[in-house]
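Please open the structure in your viewer and keep the selection tool at hand. The stops below go from the whole chain to its parts.

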Amino acid sequence: MLAHEPDIEAPFLPGRMDKRIRSLLSGLGVPWKYPEHPARLTAIRHLLELEPVPGVTFESGKAATREQLGRVHTSSYLDHIFELRGQSAWLDVDTTAVSPGSVDAAEVAAGTAIAAVEAVVEGRAASSFALVRPPGHHAEPVRARGFCLFNNVAVAAAHARAALDCRRVMIVDWDAHHGNGTQDIFWADPHVLFCDLHRAAPFYPGTGSLEEIGMGLGDGTNVNIPLPADAGDAAYLKAFREILVPAAEWFQPDLILVSTGFDPHSHDLAMEVSYDGFAAMTGILKTLARRHCQGRLVFVLEGGYNLISLSRGVRSVLRVLAGDEPPEPGQRGIAEVEAAADFHRGAFVGPPPD
Ligand SMILES: [Zn+2]
């Protein structure tokens, strides 16, 4: 997955898309680099080596098969992507691109999400976290978007239903951006409950309004929670407790998947969630998974571009999965202030200085 590395200095397939994107980028007036780069994964791995989380073990993934990808993407889309193996090309005017190793990397990302689900459903792990890239939640049945080629979480959900005897799958997407691809794929599917908290339009990709609730048999199984830019821990946790908890109670999932982006952290300039916020959300999902589906809970990495909040965010989730009690957000520094208040208590008595 480190081999996916679009470099805009490299020659891309000539064509209208190349011309259009080069003109968009030259209009920026600043040098542009592909933000979804391999160091995202190496930074996470590095932090987990420096500060291991007791109880966490590593397993390798594997490439998804065409059959597994074909459960959520059309055959013509897969043909198109597979043709780009070994090449550099732009896929979408939103600057989604591939390098020579990208198609292999995307197959492994989707297959690793499947492997993470298998580890949990087969009982080899209590929970799992697929550390993958390219991310997936913007990829639609027929279109690559937002740095996503294959919709990893959707491929994993479809596999759980088709091959692992999971009848109902709940997907929670807490990436700062709306998971338009996942919404599209399961729009009319009553067996996948998709719940997405995100920064409201016009923020990218512009979808995810309250009224987008699914259609046909899937009417009511698409739940959007659009939020303002400065929403933080309190808003996220309120949404978890007042929307996701009753949604899971009603839906009775056999598996809970989490499209996990760390771009809601304030370092990524999209929202205001803290590490304790991510930990507390993980704690609620863990309780839901225990209550409804034998603890089956699988995280799949989506976005997050600041390498510090990305790696620290992953670690804060893993600590809760491995058994730590999630801290109450907003309490950092409170014990220190109480101690300082005790220390200074005697200072403000008697007459003020002359
Ligand atoms: Zn995102």
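Begin with the whole chain selected, in this predicted model: for 354 residues, a compact globule would have a radius of gyration near 20 Å, and the chain, with 21 Å, agrees with that. Viewed along the principal axes, its C-alpha atoms fill a box of roughly 80 × 50 × 40 Å. If you switch to a cartoon display, you can look for eleven helices and eight strands.

Next, select residues 35–320, the stretch to which an unreviewed UniProt entry gives the annotation "domain: Histone deacetylase". This span is 40% helix and 14% strand, and the C-alpha atoms at its two ends lie 28 Å apart.

Now turn to the sheet, which is open and has six strands in the order β3-β8-β7-β4-β5-β6, paired in parallel. Because β3 (127–130) and β6 (222–227) stand at the edges and have a single partner strand each, one side of each is left without a neighbour in the sheet. On average, and with direction ignored, neighbouring strands of this sheet are turned by 15° against each other.

To look at one pairing in detail, select β5, residues 192–199, together with β6: the two run parallel and are joined by six bridges. Within this pair, Asp-196 can be found opposite Asn-224 of β6.

Keep the sheet in view and add helix α8, residues 233–251, which packs on the sheet and touches β4 (169–173), β5 and β6, its direction making about 170° with that of β5. Then add helix α10, residues 307–321, which also packs on the sheet, where it touches β3, β7 (255–260) and β8 (297–301), and whose direction makes about 165° with that of β3.

For the last stop, select α8 with helix α9, residues 275–292. How far apart are the axes of α8 and α9, and at what angle do these helices pack? Their axes are 10 Å apart and the angle is about 10°, which means that α8 is roughly parallel to α9. To see the contact itself, show the side chains of Asp-233, Tyr-236, Leu-237, Phe-240, Arg-241, Val-245 and Ala-248 on α8, and on α9 select Asp-276, Gly-277, Ala-280, Met-281, Ile-284, Leu-288 and His-292. Coloured by character, the residues of this contact between α8 and α9 divide into nine nonpolar, two polar and three charged.

Key: Residues numbered from 1 in each chain as written. Predicted model: local features only at pLDDT ≥ 70, side-chain atom pairs only at ≥ 80, totals over all residues. Pairing = 2+ DSSP bridges. Helix = DSSP H or I, 4+ residues; strand = E, 2+ residues; numbered from the N terminus. Axes fitted to C-alpha atoms, helices over the stretch in contact; angles between N-to-C directions. Contact = placed C-beta atoms within 7 Å. Parallel < 35°, antiparallel > 145°, perpendicular 65-115°, else oblique. Nonpolar A, V, L, I, M, F, W, Y, C, P; charged D, E, K, R; others polar. UniProt positions renumbered as here; feature names shortened; annotations may be inferred. Rg over C-alpha atoms; globule rule 2.2 N^0.38 Å.
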